[in-house]
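Please read the following report alongside the sequence and the 3D structure. It is concerned with charged pairs and with the packing of helices.

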Amino acid sequence: MNAKPKGKSMERRAARLAAVQALYQWEQSGAAADTIIKEFAEHRIGKNVDGIDLPSADIRLFGNLVRGAIATADDLDSMIAGVLSEDWSIDRLESILRAVLRGGAYELAHRTDIPPKVAISEYLAVADAFLGDKETSLANGVLDRLAHLLRPAEMEQGRGKPSAAPR
């Protein structure tokens, strides 16, 4: 596993983790995106919940991910279903895995400011927090296929070449 992110990148990872939890809550409750965002901002993100200090998160990113994924959920589900093998349907996936895939698919499709390999890596870290190796591997395959379909030029950059120096 890569080194733990620091500072702003840790807040962005925490925003993605919270967004996946919020998407799970949305699927279970059907509550409006803004209601869920408000609840998380007021009672969870950066708060002590059940004796556990939850990390601060990039609230703007969190809100964008939750609102965007909920608003485009049907499209995201169609994209995800399109890359699943024939013997799998989106409804067959665990709710938390669907939430991870919806968050990742939303970033790949709508957040072109975030490199696709970064988005995939971040959602695999989130998947690893909630799911076993088999489900995390499935998430990796689905998000990688989506990235190649949605952003092929970016995914092809650097293939067969040494990695660029860190910025």
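The report below turns to salt bridges and then to helix contacts.

**Salt bridges**

The coordinates come from a predicted model, and in that model the count of salt bridges comes to 11. Three of the pairs are set out in the table, each with the distance between its closest N and O atoms.

| Pair | Closest N and O atoms |
|---|---|
| R12 and D58 | 3.4 Å |
| E27 and R102 | 2.7 Å |
| R102 and D77 | 2.8 Å |

The salt bridge between R12 and D58 links distant parts of the chain, since R12 belongs to helix α1 while D58 sits in the loop between β2 (52-53) and α3 (59-71), 46 residues apart. D58 is buried, because its relative accessible area of 14% falls under the 20% that marks the limit for buried residues. Another residue of helix α1 (residues 7-29) is S9, whose C-alpha lies 9.0 Å from that of D58 although the two are 49 residues apart in sequence. In contrast to the buried D58, S9 counts as partly exposed, with a relative accessibility of 34%.

R102 takes part in two of the tabulated pairs, one with E27 and one with D77. The salt bridge of E27 with R102, at 2.7 Å, again links distant parts of the chain, for E27 is in helix α1 and R102 in helix α5 (residues 95-110), 75 residues apart. The partners are not alike in accessibility: E27 is partly exposed at 25%, whereas R102 is buried at 7%. The salt bridge of R102 with D77, at 2.8 Å, has its D77 end in helix α4 (residues 73-83), so that this pair ties helix α5 to a part of the chain 25 residues away in sequence. D77 is itself buried, with a relative accessibility of 16%.

Beyond these pairs, a network of salt bridges links R13, R16, E107 and E122.

**Helix α5 and its contacts**

How are the axes of α4 and α5 placed with respect to each other? They come within 10 Å and cross at roughly 100°, and an angle from 65 to 115 degrees counts as roughly perpendicular, which is therefore the description that applies to α4 and α5. On the α4 side the contact involves L76, D77, M79 and I80, which meet L101, R102, A105, Y106 and A109 of α5. By class, this contact has 7 nonpolar and 2 charged residues and no polar ones. D77 and R102, both listed in the contact, are also the partners of the 2.8 Å salt bridge described above.

The packing of α5 against helix α7 (residues 133-150) has another geometry, with an angle of about 20° and axes 10 Å apart. Because an angle under 35 degrees counts as roughly parallel, α5 and α7 are described as roughly parallel to each other. The crossing of α5 with α7 is right-handed. From α5 the contact draws on L97, L101, G104, A105, L108 and A109, and from α7 on E135, L138, A139, V142, L143, L146, A147 and L150. The residues of this contact divide into 12 nonpolar, 1 polar and 1 charged.

Read together, the two contact lists show that L101, A105 and A109 of α5 meet α4 and also take part in the contact with α7.

Notes: Residues are numbered from 1 along each chain as its sequence is written. This is a predicted model: local features need pLDDT of at least 70, side-chain atom pairs count only at pLDDT 80 or more; totals for chains, interfaces and linings use all residues. Side-chain values use heavy atoms; hydrogens and water are left out. Helices (H or I, at least four residues) and strands (E, at least two) are DSSP runs, numbered from the N terminus. Buried means under 20% relative accessible area, exposed over 50%, partly exposed in between (1.4 Å probe, protein chains only). A salt bridge is a side-chain nitrogen of Lys or Arg within 4 Å of a carboxyl oxygen of Asp or Glu. Axes are lines fitted to C-alpha atoms, for helices over the stretch in contact, and angles run from 0 to 180 degrees between N-to-C directions. Angles under 35 degrees count as roughly parallel, over 145 as roughly antiparallel, 65 to 115 as roughly perpendicular and the rest as oblique. A crossing is left-handed if the near helix is turned anticlockwise from the far one by less than a right angle, and right-handed if clockwise. Contact means heavy atoms within 4.5 Å. Ala, Val, Leu, Ile, Met, Phe, Trp, Tyr, Cys and Pro count as nonpolar, Asp, Glu, Lys and Arg as charged, and the others, Gly among them, as polar.
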